[in-house]
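Student: Please take a close look at one part of this model for me, the aromatic side chains. Then go on from there to the nucleic acid.

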Protein chains: 2
Amino acid sequence: MKHTSYKAMDCGAAQALECVGEWWSILILRDAFLGLSRFDEFQTSLGIASNSLTRRLKHLTENGLLDRRIYSERPKRYEYILTERGRDFFPVLVTLTKWGNQHLAPNGAYVQLADRLTGKLLEPILMDKSSLLKITYENVTVQPGPGATEEVLARLATRKVKNEQ
Amino acid sequence: MKHTSYKAMDCGAAQALECVGEWWSILILRDAFLGLSRFDEFQTSLGIASNSLTRRLKHLTENGLLDRRIYSERPKRYEYILTERGRDFFPVLVTLTKWGNQHLAPNGAYVQLADRLTGKLLEPILMDKSSLLKITYENVTVQPGPGATEEVLARLATRKVKNEQ
DNA sequence: CACTGTAACTTTCATTATGCAAGTTACAAG
DNA sequence: CTTGTAACTTGCATAATGAAAGTTACAGTG
């Protein structure tokens, strides 16, 4: 049964998930960030069926996150490289990984980030670019943006006072 | 065909996606962050089939992101409220929404964040908590963490020099 | 009292996606 | 020639999904 497309939703998250929201897609991107690029590398790393991997790589390529490049003419051989759009997905992967490490890793975080130059360990948090205010669910509100539509206005209008735990 | 579980993967992102990686799950969380809490509210907002919504709410509840609370005894009525673990997912949703808005919104961002107290618009970016170094794909490396396993070490060992675009 | 409407699901059924396993093609190497 | 490899493709059985109808437990109304 074909799952409902999010394409018609006026929502950044939904639009993003239309590109990356299928099972396996984000893990393929994880591996691309780790430097994997070839079909068999992804398949071995993930243990994914080849027909599923083909479909996912195609979808990620069509949506501009990966670039399918030829690396051998005879025989034709291809690799899949992150595009700039794909690389811009990095903060999503970092925050997702951090959440998973915090809440689900049984023996502490599996990985951590370090400054490439100094080797100093880093703890990623979300801040406002100019004021350096730490961004949390409790201290921000969501406003309509420049591209807001009636749908967005309606969605924001139906929200309620945030529930206190 | 039952899709492959990520449970056995030693990876924060995979563990996270085991909880939220099915179609609809993250959008349900989005709506929960916007204050929706009842079955019919989610269903109306998302246009999702009721059997799928039931399964997803159950899964999110079992995985500790939502709390199913009774709000009426006669008749029994329930609402779904974000837990602390659920609220900790906020940075993921923010970065995902930002990526979607930047790359896929046709007329600019659908929404933006604002400081709850001052109303000042915010631009979320990822920084290191102590040094305030901006975290980007280009300036960090991934290291084994305290919970790293053989699998993690192997995965990190197979990475290659990052490809230059 | 009966009827209606609502909330929160549950059930049924046909369609699509998935994993498994085998197969195909175009090479290079021996 | 055979063998091995990379990158898929194909066939098939199973699971997930959407659409639509149904069920239960009420409250409200006439």
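Tutor: Let's start with A:Y137, which is buried at 9% relative accessibility (buried means under 20% relative accessible area, exposed over 50% and partly exposed in between, with a 1.4 Å probe and protein chains only). Bear in mind that this is a predicted model, where local features need pLDDT of at least 70, side-chain atom pairs count only at pLDDT 80 or more, and totals for chains, interfaces and linings use all residues. Residues are numbered from 1 along each chain as its sequence is written, chains are lettered from A and ligands numbered from 1 in the order in which they are written, and side-chain values use heavy atoms, with hydrogens and water left out.

Across all chains, the whole structure holds 12 aromatic pairs (rings of Phe, Tyr and Trp, its six-membered ring, with centres within 6.5 Å; planes under 30 degrees apart are stacked, over 60 edge-to-face, the rest tilted). One of them is A:W23 with B:Y6, stacked because the ring centres are 4.3 Å apart and the planes sit at 5 degrees. This pair crosses between chains: A:W23 is in the loop between α1 (12–20) and α2 (25–33) of chain A, and B:Y6 is in the segment before α1 (12–20) of chain B (helices are DSSP runs of H or I, at least four residues, and strands are E runs of at least two, numbered from the N terminus). Both partners are buried, A:W23 at 10% and B:Y6 at 1%.

Back to A:Y137: its ring centre is 5.5 Å from that of B:F90, with the planes at 55 degrees, so this pair is tilted. It joins two chains too, because A:Y137 is in the loop between β5 (124–128) and β6 (140–144) of chain A, while B:F90 belongs to helix α6 (residues 90–104) of chain B. B:F90 is buried as well, at 7%. Elsewhere, A:Y6, B:W23 and B:W24 make up one aromatic cluster.

Rings also meet charges here. A:R38 lies over the face of A:Y71, 3.7 Å from the ring centre, and the charged end of A:R68 is over the ring of A:Y78, again 3.7 Å from its centre (NZ of Lys or CZ of Arg within 6 Å of the ring centre and within 35 degrees of the ring normal).

Now the nucleic acid. There are 27 residues around DNA strand D, and A:M1, A:S50, B:M1, B:S52 and B:R56 come nearest (near means a heavy atom within 4 Å). Of the strand D atoms that come within 4 Å of the protein, 62% are sugar and phosphate. A polar side-chain atom of A:Y80 is 2.7 Å from a phosphate oxygen of DNA strand D, and a side-chain N or O atom of A:D40 is 3.3 Å from a phosphate oxygen of that strand. The largest share of this surface, 5 residues, comes from α4(B).

Around DNA strand C there are 27 residues, with A:M1, A:S52, A:R56, B:M1 and B:S50 nearest. Here sugar and phosphate account for 61% of the strand's atoms within 4 Å of the protein. A backbone N or O atom of A:M1 is 2.5 Å from a sugar or linking oxygen of DNA strand C, whereas B:S50 puts a polar side-chain atom 2.4 Å from a base oxygen. For strand C the largest share, 5 residues, is from α4(A).

Notes. Polar contact = N/O pair within 3.5 Å; in protein donor to acceptor, adjacent residues only side chain to side chain.
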